[in-house]
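Colleague: Hey, got a minute to walk me through this one? I'm new to it.

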Amino acid sequence: MATLFARNKKEHPEPIKAEVRGQLPTWLQGVLIRNGPGMHTIGDTQYNHWFDGLALLHSFTFKNGEVYYRSKYLRSDTYNHNIEANRIVVSEFGTMAYPDPCKNIFAKAFSYLSHTIPEFTDNCLINIMRTGDDFYATSETNFIRKINPRTLETLDKVDYSKYVAVNVTTSHPHYDSDGNTLNMGTSIVDKGRTKYILFKIPPSVPEQEKKKSCFKHMEVVSSIPSRSLLHPSYYHSFGITENYIIFIEQPFRLDIVKMATAYMRGVTWASCLAYHKEDKTWFHFVDKQTKKEVSTKFYTDAMVFFHHVNAYEEDGHIIFDLIAYADNSLYEMFYLKRINTCLDEDNKLTSVPICKRFVVPLQYDKDAEVGSNLVTLQTTATAVKEKDGSIYCQPEILCEGIELPRINYDYNGKKYKYIFAAKVQWSPVPAKVAKFNIQTKEMLQWGEDNCWPSEPIFIPSPDAKEEDDGIVLTCILTSNPKEPPFLLVLDAKTFKELGRALVDIEMHLDLHGMFIPEKDLKTEAE
């Protein structure tokens with residue numbers, strides 16, 4: 001199992017034909033691209049954390065029943081500087097890199113000072129994002145890298161901070177019906193006013209500005225002041241409904257002063273994150289039309305979460321589902337010195353992921369008694385009015401042990417029924433994939449011995465009538481050396497295997513990705 005994590009993976013830039021077993025749907029034409037860390041050792045230096053590794057993109061191309069695999073390292077500036085120096089010279093979140101020991105004392109001193117407000121990495125290893133006809137590798141810094149989805153070639157570097165004042169961003173944007181890309185970032189250096197900024201990237205530019213980039217037309221939709229000037233909340237995703245943006249300010253927070261001095265103190269940026277379990281978790285709702293935040297204060301108990309599942313509105317309530325933890329131990333378990341023991345049952349997650357549903361009444365009787373539950377829908381979730389007018393929310397528990405949730409994105413922001421997710425038991429590494437029915441609480445699962453699946457991605461069939469008409473794709477790594485890794489294709493309705501595409505190479509464990517239908521891919525000439 002150790003090889004799943006620490007060993008550097010080879011890239012395979014030329015397409016490799018996969019061995020297809022079973023029957024793939026004839027309509028499945030396009031490219032599945034996934035992203036994740038693939039290189040953790042450079043020269044005689046090693047990253048501390050699995051999430052720090054250099055980004056390795058890989059893809060499965062579906063063409064007339066055949067499947068082709070390829071993989072390629074993102075040629076980021078970070079990758080190029082590290083490879084050229086044959087050591088880690090660019091800092092990542094869990095690994096601080098230091099000046100070349102051969103440099104003179106003045107160069108060292110300057111280097112220390114220049115890290116006070118750090119130049120972040122462009123090692124975009126978390127997800128794939130779409131804007132208009134273009135696709136980008138993303139992480140949580142202000143940089144994204146354009147890629148060619150057919151060849152995985154690395155193209156332009158984009159710096160969000162040139163267009164909007166953000167230092168860090170989420171790697172889980174949303175897409176609206178007009179084709180806009182919506183994302184959030186934190187501004188930590190704007191005249192001492194720390195705030196969370198929601199911004200919108202249009203899918204195209206006006207005809208007369210054809211040579212300009214979409215990013216020049218980026219628009220700040222709204223900004224939310226941080227409750228703490230020097231301790232903004234960490235967040236990995238946000239929620240969206242038809243009329244509202246949902247931002248959750250959790251007490252898992254970044255210490256800006258510590259971060260600014262991390263380089264001089266010889267510690268990592270990750271050490272500047274802390275979970276304050278005695279604090280509250282605050283809910284913010286921004287009205288898309290007015291761009292104003294709902295004035296009522298809604299909150300719940302302390303929790304740590306990374307992934308929103310979905311959200312929607314019903315009878316004056318906002319309903320949102322997310323995967324939450326009781327502490328921040330998940331991140332800790334992915335340090336390379338611990339990661340192999342995390343697959344040992346003696347070293348279990350101290351907090352299992354719980355899928356929670358919060359039900360927040362936006363329209364309620366303002367004269368309701370203190371202590372009364374303002375939720376009028378059929379649910380065990382509550383929202384209790386406090387003396388000061390704030391509303392304390394308690395969730396309904398939908399299920400436990402799922403992570404990396406995906407839905408049929410046609411139902412994003414709408415009432416929905418199904419979650420497709422990785423099934424996590426005692427270890428943070430998924431051993432199964434699951435389909436969970438929110439209404440009946442039924443869970444269908446797929447798993448085999450020595451198989452380790454990635455995030456499952458749902459693709460609707462062209463003639464879909466129901467929410468689960470389609471297929472689910474997931475990359476499967478194997479810890480049996482005699483079994484090659486493969487792409488698994490499941491019928492989304494029954495969760496039965498339709499087929500698999502085996503590739504006889506050493507595949508890497510990835511994080512997130514997207515399926516791009518053939519009609520959305522530019523031609524080779526373009």
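**A first walk through the model**

Modeller: Sure, and let's begin in a loop: Lys291 sits between strand E21 (280-287) and strand E22 (298-301). Strands (E, at least two residues) and helices (H or I, at least four) are DSSP runs, numbered from the N terminus. The model is a predicted one, where local features need pLDDT of at least 70 and side-chain atom pairs count only at pLDDT 80 or more, while totals for chains, interfaces and linings use all residues. Residues are numbered from 1 along each chain as its sequence is written, and side-chain values use heavy atoms, with hydrogens and water left out.

Colleague: Okay, what's the phi of Lys291?

Modeller: Near 65 degrees, which is a positive value in a residue other than glycine. Lys291 is partly exposed, with a relative accessible area of 36%. For that label, buried is under 20%, exposed is over 50%, and partly exposed is in between (1.4 Å probe, protein chains only).

Colleague: Which strand holds Leu404, and what about its phi?

Modeller: Leu404 lies in strand E29. Leu404 isn't a glycine, yet its phi is positive, about 50 degrees.

Colleague: Is Leu404 buried or exposed?

Modeller: Leu404 counts as buried because its relative accessible area is 15%.

Colleague: Switching topic: how many helices and strands are there in the chain?

Modeller: The protein chain has 5 helices and 38 strands.

Colleague: And what does its radius of gyration look like?

Modeller: The chain has 23 Å, and a compact globule of 526 residues would be near 24 Å, so the two agree. That radius is taken over C-alpha atoms, and the globule rule is 2.2 Å times the number of residues to the power 0.38. The C-alpha atoms fill a box of roughly 65 × 65 × 65 Å along the principal axes.

Colleague: How much of the chain is buried?

Modeller: 57% of the 526 residues. As for contacts (heavy atoms within 4.5 Å), take those between residues at least 6 apart in sequence: 60% of them join residues at least 24 apart.

Colleague: Any empty space inside? How many cavities are there?

Modeller: The count comes to 6 cavities of 30 Å³ or more. On a 1 Å grid over the protein atoms alone, a cavity is a set of points where a 1.4 Å probe fits but cannot get out, and lining residues have an atom within 4 Å of a point. Grid points are joined across faces, edges and corners, and a volume is the space filled by probe spheres set on the points.

Colleague: What volume does the largest cavity have, and which residues lie nearest its centre?

Modeller: Its volume is about 980 Å³. The lining has 47 residues, and Phe51, Ile126, Glu140, Tyr234 and His236 lie nearest the centre. Among the elements that give two or more residues to that lining are strand E14 (181-187), strand E23 (304-314) and helix H4 (329-333).

Colleague: How does the lining divide by residue type?

Modeller: Into 29 nonpolar, 13 polar and 5 charged residues. Here Ala, Val, Leu, Ile, Met, Phe, Trp, Tyr, Cys and Pro count as nonpolar, Asp, Glu, Lys and Arg as charged, and the others, Gly among them, as polar.

Colleague: Back to loops. Where is Arg227, and what is it in contact with?

Modeller: Arg227 is in the loop between strand E16 (219-225) and strand E17 (239-240). Neighbours within four places in sequence aside, Arg227 is in contact with Glu249, Trp282 and Lys297. Arg227 and Glu249 are 22 residues apart in sequence and 8.4 Å apart in space, C-alpha to C-alpha.

Conventions: 1 Å grid on protein atoms, 1.4 Å probe; cavity = no way out; pocket = protein on both sides within 12 Å on 5 of 7 lines; lining within 4 Å.
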